[in-house]
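Please open the structure in your viewer and keep the selection tool at hand. The tour below goes from one selection to the next and says what is there.

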Amino acid sequence: MRSQPHRRFAFALWAAAAIAACDGSVRPSPDPGDEGSRTEGGQTLSELLVRLDSRLDAQSAGLPSASLVAYKARVLGIESDQVAGAVDPLMVAGPDGRCALRQVDETVRLLREAHGGVELEALSRFTVELSASEVLRPLPRVYPDLASVVTGVVAEAGPEDLVELPETLTLKSEAGPDVLVRLPALPQVLAPDGTPVRGGTKFSAREDLHLVVVGPKGSFVELRPFGATTWAACPMSPEGHVTIPADVLYRLAGPAGQVPVSLDVVWRNRRPVQLGGTSTRLSLETRASALVELQP
């Protein structure tokens, strides 16, 4: 196991969200939701989040990695498809038709405004097999308490280094059949001049940034300045084009010199699976990243 930039970023987001929400606890109230079983106090669901991280400049950077978080959740105050963003700040909803600025405490604020909450219980007794020798085995971990809004225990594994990105992964449980999941190919991102984006690439924050993504349908691009609690998520057109407006870039860069930014191409897929005889939602995410610079 190794320290991993996205993991450090996620923990920074958890801490910032906790600070933003620490001015009082909340009491849950019912929410209709759209998935999961209903209870008198809301709804419950089981969810497995699997993330595969790689580098756009893989030839000059580190190995890809895999990680997972799994839980049962009692949900009040938000839709069930927003729960992943409450547990993992990187899993907030992608852009819907245009670039969107995301805030670290987005889901926490929604929960507080709705007087809601998420109570977590670890989901275990399964493994995720990536190859014959690479297996993720989740272990319980107390979730960082976000002002009594998101509490409990999750099951977690990784990030674990991989020799290479797998083409499939297999969910194996103590009861029930294996579930085979096929994975998309690693995307490529081309800069305005047609060259592949690599680590150290410099972009101006004073003009629109036009990129071309060669990758799975439905992918989107995130720009995440290091140390910031705001980032941008921008959709890919059916032809693979991504345009990030200059005003969005400038808000990310600010007035101070060159800013290191993680440019991520993100693909997500959400599907129901039977895990150990239990209906579970598998939320799969792949991220291919490069450390670039924004110049104001």
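How do the residues of the lining of the largest pocket divide into nonpolar, polar and charged? In this predicted model, nine of them are nonpolar, nine are polar and six are charged. To find the place, select Met91, Val92, Ala93, Gly94 and Arg268, which of the 24 lining residues lie nearest the centre of the pocket, and look for a space of about 440 Å³. Next, colour α3 (106-113), β18 (259-275) and β19 (278-295), each of which supplies at least two residues of that lining.

Keep β18 and β19 in view and add β14 (209-214), β15 (220-225), β16 (230-235), β17 (241-244) and α4 (246-253), since these elements each give two or more residues to the largest nonpolar core. That core has 29 residues, and those with the most contacts inside it include Val197, Phe203, Leu211 and Ile244. Apart from it lies another core, of 24 residues, with Leu162, Leu171, Val181 and Val273 among them.

Now centre the view on Ile244, whose contacts beyond its neighbours within four places in sequence include Leu211, Val221, Leu249 and two cysteines, Cys99 and Cys234. Select these cysteines, which form a disulfide with their sulfur atoms 2.0 Å apart; a search of the whole structure finds one disulfide. The pair links distant parts of the chain, 135 residues apart, with Cys99 in the loop between α2 (83-87) and β4 (100-103) and Cys234 in strand β16. Cys99 counts as buried because its relative accessibility is 18%, under the 20% limit, and Cys234 is buried too, with a relative accessible area of 1%.

Note on methods
Residues numbered from 1 in each chain as written. Predicted model: local features only at pLDDT ≥ 70, side-chain atom pairs only at ≥ 80, totals over all residues. Heavy atoms only, no water. 1 Å grid on protein atoms, 1.4 Å probe; cavity = no way out; pocket = protein on both sides within 12 Å on 5 of 7 lines; lining within 4 Å. Points joined across faces, edges and corners; volume = space filled by probe spheres on them. Helix = DSSP H or I, 4+ residues; strand = E, 2+ residues; numbered from the N terminus. Nonpolar A, V, L, I, M, F, W, Y, C, P; charged D, E, K, R; others polar. Core = buried A, V, L, I, M, F, W, Y, C linked by side-chain atoms within 4.5 Å. Buried < 20%, exposed > 50% of the residue type's maximum accessible area, 1.4 Å probe, protein only. Contact = heavy atoms within 4.5 Å. Disulfide = S-S within 2.5 Å.
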